[in-house]
Amino acid sequence: MTGTKKHGSITYLPDSPVYITSRASLGGSEEKAGKLASLLDISSEDDYFGEDTWEKAETAIVRMLVDQLYKSAQTTPESTDLFLGGDLQKQCMATSLGLLPYGVPYLGLYGACSTFAEGLALASLAIDGGFASSAGVVATSHFCTAEREYRTPLVYGNQRQPTAQRTVTGGGAILLSKDAPKDRAAPHITAFAIGKMRDLGIKDASNMGAAMAPAAFETISTFLEDTRQTPEDFDLIVSGDLGNVGHRIVSRLAEAAGIDFGGRYDDCGRMVFDPSQDTHAGASGCGCSAMVLTASLLRRMEEGKIKRLLFAGTGALLSATSLLQGESIPGICHAVAIEI
């Protein structure tokens with residue numbers, strides 16, 4: 001297409017950078033014991049977060065993240081034109097109830113574990129299009145709410161399959177602006193890709209890495225083709241959250257296609273828990289990639305350890321009802337290029 005900001009088949013390049021002006025991360029008890037322990041802005045041994053149900057706990061997570069976000073930015077919700085976010089609960093209720101007290105214009109999203117990348121892409125589109133000067137994005141998940149929503153009550157104590165991933169209790173939030181901070185260099189979004197759904201017939205909810213991997217590979221490879229870049233143009237390419245199984249599949253698909261990641265490819269699902277925690281195939285959930293990006297990856301960019309990052313959020317588009325009715329699990333992946 002000519003005369004538009006679309007480049008190639010799925011990639012969009014804003015006219016001006018969209019700046020990340022504030023970030024916040026939060027993790028629960030298992031996350032506090034994992035690889036990101038010292039990097040989290042907020043962590044808690046109490047996965048109820050002072051509430052009396054798991055669902056209320058996830059609402060509390062949203063509010064703690066948003067409070068931390070504005071505290072870090074030294075600003076208030078009134079300065080935000082738009083807030084986007086989502087979670088894994090029915091109708092994204094954790095995010096809706098969590099953002100309710102702030103009175104911000106709100107768009108609820110459901111992209112499963114790709115929600116954070118989807119939110120960053122849509123917020124960038126709104127800012128670059130002149131429809132907003134600033135926007136917030138939040139994504140959360142909770143191990144116990146996800147188990148109740150998609151699998152079986154925790155009291156059953158079901159044995160988990162080796163391909164299963166543990167849903168992250170936590171999340172991340174980001175403030176975006178058309179204006180760069182005056183006092184420091186800030187990571188900024190320079191491109192994003194809106195992925196296409198791919199369904200290879202996987203019906204096992206305990207193997208979501210396999211369900212999402214084809215979409216992840218297609219979005220990453222198509223983005224590189226659309227922008228005429230190679231993996232060497234990035235310091236790190238991160239999908240999220242395929243876990244160990246999906247990461248291996250994407251690596252093999254890349255090898256078969258003649259794409260050499262050169263050790264630059266990793267997955268958020270592999271970056272949360274320590275192997276000693278026995279989370280099988282790694283981490284998952286809307287909060288997984290959101291937490292990894294805000295706690296670790298953006299921090300490494302601010303420290304000068306990463307200059308160009310391709311963040312590719314992946315999602316398994318299923319519901320408890322679709323699983324019970326025998327439907328397969330489509331995968332989706334949206335990618336966001338971030339530089340500093």
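Reader: How do the residues lining the second largest pocket divide into nonpolar, polar and charged?
Author: Welcome to this predicted model! The lining includes Ala 73, Ala 180 and Pro 181, and alanine and proline count as nonpolar. It also includes Asp 179, Lys 182, Asp 183 and Arg 184, and Asp, Lys and Arg count as charged. With Thr 21, Ser 72 and Gln 74 also in the lining, the residues divide into 3 nonpolar, 3 polar and 4 charged.

Reader: How much space lies in the second largest pocket?
Author: You can find this pocket by looking for its lining residues, among them Thr 21, Ser 72 and Arg 184. The space that lies in it is about 180 Å³.

Reader: Asp 179 is one of the lining residues, so with which residue does Asp 179 form a salt bridge?
Author: A salt bridge needs a side-chain nitrogen of Lys or Arg within 4 Å of a carboxyl oxygen of Asp or Glu. For Asp 179, the closest N and O atoms of the pair are 3.2 Å apart, and Asp 179 is partly exposed at 43% relative accessible area. The partner is partly exposed as well, with a value of 42%. That partner is Lys 178.

Reader: How many salt bridges does a search of the whole structure find?
Author: The pair of Asp 179 and Lys 178 is one example of a salt bridge. Another is formed by Arg 270 and Asp 266, whose closest N and O atoms are 2.8 Å apart, with Arg 270 partly exposed at 30% relative accessibility. Some salt bridges share partners, and these join Lys 5, Asp 15 and Asp 128 into one network. The search of the whole structure finds 12.

Reader: How many residues apart are Glu 55 and Arg 148, which meet in a salt bridge?
Author: The side chains of Glu 55 and Arg 148 meet at 2.8 Å, N to O. Glu 55 is partly exposed, at 25% relative accessibility. Glu 55 belongs to helix α2 (residues 54–73) and Arg 148 to helix α5 (residues 143–150), so this pair links distant parts of the chain. Along the sequence, the separation is 93 residues.

Reader: Is Phe 143 buried or exposed?
Author: Phe 143 has its place in helix α5, and the charged end of Arg 166 sits over its ring, 3.8 Å from the ring centre. The relative accessibility of Phe 143 is 10%. Buried means under 20%, so Phe 143 counts as buried.

Reader: How far apart in space are Phe 143 and Glu 58, C-alpha to C-alpha?
Author: Along the sequence, Phe 143 and Glu 58 are 85 residues apart. In space, their C-alpha to C-alpha distance is 9.7 Å.

Reader: Is the aromatic pair of Phe 223 and Phe 234 stacked, edge-to-face or tilted?
Author: The structure holds 4 aromatic pairs. In this one, the ring centres are 6.2 Å apart and the planes lie at 55°. Planes under 30 degrees apart count as stacked and over 60 as edge-to-face, so this pair is tilted.

Reader: Which parts of the structure does the pair of Phe 223 and Phe 234 tie together?
Author: Both residues are buried, Phe 223 with a relative accessible area of 1% and Phe 234 with 2%. The ring of Phe 234 also has the charged end of Arg 308 over it, 4.6 Å from its centre. The two phenylalanines are 11 residues apart in sequence, and the parts that their pair ties together are helix α6 and the loop between α6 and β11.

Reader: Which residue is joined to Gly 240 by a cis peptide bond?
Author: Most peptide bonds are trans. Here, though, omega is about 10°. The partner of Gly 240 lies in the loop between β11 and α7 (243–256), and its name is Asp 241.

Reader: What is the phi of Ala 112?
Author: Most residues other than glycine have a negative phi. Phe 49, in the loop between β4 (42–43) and α2, has a positive phi near 50°. Ala 112 lies in the loop between β6 (106–108) and α4 (115–128) and is buried, with a relative accessible area of 1%. Its phi is also positive, at about 55°.

How values were computed:
Residues numbered from 1 in each chain as written. Predicted model: local features only at pLDDT ≥ 70, side-chain atom pairs only at ≥ 80, totals over all residues. Heavy atoms only, no water. 1 Å grid on protein atoms, 1.4 Å probe; cavity = no way out; pocket = protein on both sides within 12 Å on 5 of 7 lines; lining within 4 Å. Points joined across faces, edges and corners; volume = space filled by probe spheres on them. Phe/Tyr/Trp six-rings, centres within 6.5 Å; stacked < 30°, edge-to-face > 60°. Helix = DSSP H or I, 4+ residues; strand = E, 2+ residues; numbered from the N terminus. Buried < 20%, exposed > 50% of the residue type's maximum accessible area, 1.4 Å probe, protein only. Lys NZ or Arg CZ within 6 Å of the ring centre and 35° of its normal.
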